[in-house]
Amino acid sequence: MSGPSRAGRSQVGLLLLLLALPLAQQASAAGPESRPAAVKPEQSLLGSGSSKGLQAILETDRGLLTVELFPDTAPKTVARFSELVKRGFYNGLVFYRVLPKFLVQTGDPSGEGTGGSGQNLPAEFNERKHVVGTVGMARRHDPDSADSQFYICLEPQPFLDGKYTVFGQVIDGLETLPKIQERDTVRKLSLKP
């Protein structure tokens, strides 16, 4: 006995494709809890040769923080953050949110938590953990609403893992973090390749 005709195989293939489309649409519309934890590395948006060892130096009223950036994990976020740093966007902004044993947050020109640079970033959720000194992008309810505001963890916050874009880690100056007070200033933020 012979198999299905060419026309029959085409109809079966079309039927399978039509059944798969709603599933794909449901998956893409799902929230952050159902997204994959890892983001596949993309080509760095910072240019060739600059994907490893990029650091940001954050000068505060209380001391210096050195942040290692993760362009391999969050390439679009690191590229946009770096662009804003080069423009001097963060210089003079305040830490408008300081929550002891949780985090400090800056990056809002209004100083109230409602402003930004005007350009939203797509979420780049990844497997990096929220430990002391983790740097991540603040966002609203929409996973793709991060802009220029970022936070630094004062203590481990595992409930944030996989729900926010982690794009850096404080590697020097951890003793400065708990000293930061609400309304302290970002004196200067610069990049160090």
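Two worked exercises on strand pairing and nonpolar cores follow.

The model is predicted: local features need pLDDT of at least 70, side-chain atom pairs count only at pLDDT 80 or more, and totals for chains, interfaces and linings use all residues. Residues are numbered from 1 along each chain as its sequence is written, and side-chain values use heavy atoms, without hydrogens and water.

**Exercise 1.** Find which strands β2 pairs with, and in which direction.

*Solution.*
- Fix the terms. Strands (E, at least two residues) and helices (H or I, at least four) are DSSP runs, numbered from the N terminus. Two strands pair if DSSP finds at least two bridges between them.
- Take β1 (residues 55-60). Six bridges tie it to β2 (residues 63-69), antiparallel. Ala 56 faces Val 67 across this pair. Two residues separate β1 and β2 in a hairpin.
- Turn to β7 (residues 166-172). Four bridges link it to β2, again antiparallel. Here Leu 69 lies opposite Gly 168.

**Exercise 2.** Trace the largest nonpolar core, starting from its residues with the most contacts to other members.

*Solution.*
- Define the core: buried Ala, Val, Leu, Ile, Met, Phe, Trp, Tyr and Cys residues joined through side-chain atoms within 4.5 Å. Buried means under 20% relative accessible area (1.4 Å probe, protein chains only).
- List the hubs. Among the 30 residues, Phe 81, Tyr 90, Phe 150, Ile 152, Phe 167 and Leu 189 touch the most other members.
- Assign elements. Those giving two or more residues include β1, β2, β7 and α2 (75-87). α2 gives the most, four residues.
- Follow Phe 81. Beyond neighbours within four places in sequence, its contacts (heavy atoms within 4.5 Å) are Ala 56, Leu 69, Tyr 90, Phe 150, Phe 167 and Leu 189.

Conventions. Buried < 20%, exposed > 50% of the residue type's maximum accessible area, 1.4 Å probe, protein only.
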